[in-house]
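Good morning, and thank you for making room on the agenda. I would like to walk you through one protein structure, going from a single residue to the chain as a whole.

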Amino acid sequence: MRKNVLFVILLFSSLMVFAQPSAIPAPGYQWVKTDTASYYSFLVGTIPNIITGSTSFGVFDKDPADCSAHCGGNCDGLGTYAVSLFGINNTVPIGTNSNCEQRAIVINHWPNDFLDAGVSNGASSGKVYLPTGAKLTMKKSAVPLTPGCGAGSSNNKGKIFGGNGPGNTTKVNVLCNYNISWSSTAFGGIVSGGQSWIQNGSFTGEEPGSGNYSDYIDWFAGGFGNTLDADSVYNIPASAVGQTGGNFEIVVVSSPTIAVTREFGNADGLAESAPGMEGLSDYRVQYDIWEIQHTVPLRLGNFTARLLSGSSAILNWINFYDFDNDRYIIERSYDGRHWQAAGTVAALTNTTVHTGQYSFTDNNIAAAEKNIFYRLKLIERSGAVIYSTQVLIRNGQQVTLSLVPTGSKNEYRLISSYTGNCNIRIVNTNGQVVKQFISGTNANNIISLNNFPSALYSIIVQQGDKRQIVVRTFVY
């Protein structure tokens with residue numbers, strides 16, 4: 001005698017279809033998305049002691065692995081950019097060996113402990129962390145003179161030369177435009193940006209007389225490390241997020257320019273600045289947690305959910321093989337990801353009648369939610385846990401796409417509340433499509449496996465690109 005047992009593997013009824021792991025579980029098992037989480041790199045800076053609040057690179061410079069792309073291929077530059085003043089509003093660069101500096105922010109990739117490749121086909125257990133996206137943020141300083149992304153110099157100095165000699169003074173004003181830019185080849189090079197900061201300083205000195213230079217005089221450009229106007233955030237697509245760990249660089253480049261003018265006096269002036277910058281970034285990965293769990297044999301029939309009012313819904317279901325069961329936990333979700341228990345119903349088990357009919361009223365719905373997902377968590381007497389498919393109430397109406405037995409041998413009826421035809425494929429265990437048709441061309445939407453050899457088959461029903469059910473059926 002042949003008998004037919006239908007296993008419900010997966011139901012996508014919502015507007016969003018989530019990617020799931022690539023391995024195909026063993027018969028009677030399915031992938032279930034159990035949670036979401038995120039990995040946070042914390043703040044990663046260009047200097048090891050970034051937490052102390054230091055904005056001086058000093059011996060803590062981190063050079064890029066490859067300096068050839070910026071600053072003439074010189075990682076450290078030559079440190080000084082000077083301009084001299086020969087008459088008011090006239091600036092002439094001198095001794096400009098380099099006005100460029102490079103640093104690297106090194107960030108560890110997401111250290112994934114549960115790789116997709118770590119689960120093989122046919123597995124009856126396993127866990128996978130699948131990234132759904134990531135964000136990389138170049139950070140603004142929380143307050144001035146604290147770590148962030150910025151540029152400036154802690155070694156600014158100038159000289160007075162010429163003029164009318166001792167007893168006379170000249171004041172030189174200095175304007176520095178500290179440019180900073182950053183980029184990374186990771187994630188397809190989508191991380192790229194920059195900003196400049198205009199900072200003013202000045203110094204005053206005694207005029208040394210014609211042909212003479214004064215000693216160096218310090219001048220200050222307030223707010224070294226004056227940072228971004230706001231955090232610069234880059235959204236990284238899931239396809240660009242690596243699963244295997246490692247690290248990547250964000251190269252930060254500073255290129256200042258200096259202009260000097262004379263406020264009063266008769267001498268000329270020379271201003272110097274040692275270019276510098278800092279970088280601070282964090283990296284956050286969002287991911288779904290998937291686990292292999294038992295599937296529910298299609299003992300369940302007519303699992304429905306209907307809205308009674310703005311804050312209550314009624315659920316009904318039938319279990320055709322209701323034995324060795326202890327209780328049903330009704331679980332509710334508003335996003336299809338995060339679930340909470342809405343109530344518990346005891347299983348109606350006895351030795352003579354194996355069909356149980358159930359009803360549960362959920363009186364604690366959040367009225368403002370447009371999508372309400374439900375699923376059943378069946379607890380067997382042995383303690384085993386089995387989940388049902390999901391049903392969805394959207395805008396007060398249940399979304400339904402399902403297969404149910406007709407009562408005839410090896411036949412199923414397709415029930416859909418959607419408009420339009422469904423594409424139906426029957427696939428064997430080798431992944432080969434052995435039959436395919438459109439529901440509208442099949443009388444009464446009946447799917448028959450009467451002429452199929454005894455084996456395990458998957459029936460895939462898809463409507464559009466968002467709604468899909470996959471069921472497995474054993475034909476003996």
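**A walk through the strands**

Let me begin with Met-138. Setting aside neighbours within four places in sequence, Met-138 is in contact with Ile-105, Cys-149, Trp-182, Leu-228, Asp-231, Ser-232, Tyr-234, Ile-250, Leu-280 and Ser-281. Please keep in mind throughout that we are looking at a predicted model.

Met-138 also belongs to a wider group. The largest nonpolar core has 43 residues, and those that touch the most other members are Met-138, Val-174, Trp-182 and Tyr-283. Two or more residues of this core come from each of the strands S4 (81-85), S6 (101-108), S7 (127-138), S10 (169-183), S11 (192-206), S15 (232-236), S16 (247-264) and S19 (280-294). The greatest contribution is that of S10, with 6 residues. A second core, separate from this one, has 20 residues, including Tyr-328, Ala-342, Val-345 and Ile-365. As general background, nonpolar side chains in soluble globular proteins tend to be buried together.

Let us stay with strand S7, where Ala-134 lies. Is Ala-134 buried or exposed? Its relative accessibility is 4%, and because buried means under 20%, Ala-134 counts as buried. Beyond its neighbours within four places in sequence, Ala-134 is in contact with Tyr-234, Asn-235, Ile-236, Val-241, Tyr-283, Arg-284, Val-285 and Gln-286. Ala-134 and Ser-38 are 96 residues apart along the chain, and their C-alpha atoms are separated by 8.9 Å.

I turn now to charged pairs. How many salt bridges does a search of the whole structure find? The search finds 7, and I shall present three of them.

In one, Asp-282 pairs with Lys-139, and the closest N and O atoms are 3.6 Å apart. Asp-282 is in strand S19, while Lys-139 is in the loop between S7 and strand S8 (150-152), so this pair ties together parts 143 residues apart in sequence. Both Asp-282 and Lys-139 are buried.

Another salt bridge joins Glu-263 to Lys-171, with 3.4 Å between the closest N and O atoms. Because Glu-263 lies in strand S16 and Lys-171 in strand S10, the pair ties together parts that are 92 residues apart in sequence. Glu-263 is partly exposed, its relative accessible area being 45%.

In a further pair, Glu-331 and Arg-375, the closest N and O atoms are 2.7 Å apart. Glu-331 lies in strand S23 (residues 325-333) and Arg-375 in strand S26 (residues 371-380), so parts 44 residues apart in sequence are tied together. Glu-331 and Arg-375 are both buried. Finally on this topic, Lys-139, Asp-231 and Asp-282 are joined into one network by salt bridges that share partners. Asp-231, as you may recall, is among the contacts of Met-138.

Next, the pairing of strands. There is an open sheet of 4 strands in the order S6-S16-S10-S11, and its pairing is antiparallel. Why is one side of S6 and of S11 left without a neighbour in the sheet? These strands stand at the edges, and each has a single partner strand, so one side of each remains without a neighbour there. On average, neighbouring strands of the sheet are turned by 20° against each other, direction ignored. S6 and S16 run antiparallel and are joined by 8 bridges; in S16, Val-251 is the bridge partner of Ala-104.

A further pair consists of strand S22 (residues 312-319) and S25, which run antiparallel and are joined by 7 bridges. Within S25, Thr-361 is the bridge partner of Ile-314. Strand S25 (residues 356-362) has two faces: Gly-356, Tyr-358, Phe-360 and Asp-362 form the covered one, and Gln-357, Ser-359 and Thr-361 the uncovered one.

Towards the end of the chain, Ser-458 has its place in strand S34 (residues 455-463). With a relative accessible area of 15%, Ser-458 is buried. Leaving aside neighbours within four places in sequence, its contacts are Arg-425, Ile-426, Val-427, Val-471 and Arg-472.

I close with the chain as a whole. The protein chain has 0 helices and 35 strands. Of its 476 residues, 48% count as buried. Among contacts with a separation of 6 or more, 73% are between residues 24 or more positions apart. The accessible surface of the protein chain is about 22,200 Å², and carbon and sulfur atoms account for 49% of that surface. Thank you for your attention.

Definitions and conventions. Residues are numbered from 1 along each chain as its sequence is written. This is a predicted model: local features need pLDDT of at least 70, side-chain atom pairs count only at pLDDT 80 or more; totals for chains, interfaces and linings use all residues. Side-chain values use heavy atoms; hydrogens and water are left out. Buried means under 20% relative accessible area, exposed over 50%, partly exposed in between (1.4 Å probe, protein chains only). Contact means heavy atoms within 4.5 Å. A nonpolar core is a set of buried Ala, Val, Leu, Ile, Met, Phe, Trp, Tyr and Cys residues joined through side-chain atoms within 4.5 Å. A salt bridge is a side-chain nitrogen of Lys or Arg within 4 Å of a carboxyl oxygen of Asp or Glu. Two strands pair if DSSP finds at least two bridges between them. Axes are lines fitted to C-alpha atoms, for helices over the stretch in contact, and angles run from 0 to 180 degrees between N-to-C directions. Accessible areas come from the Shrake-Rupley method with a 1.4 Å probe; for residues, only the protein chains shown count as cover.
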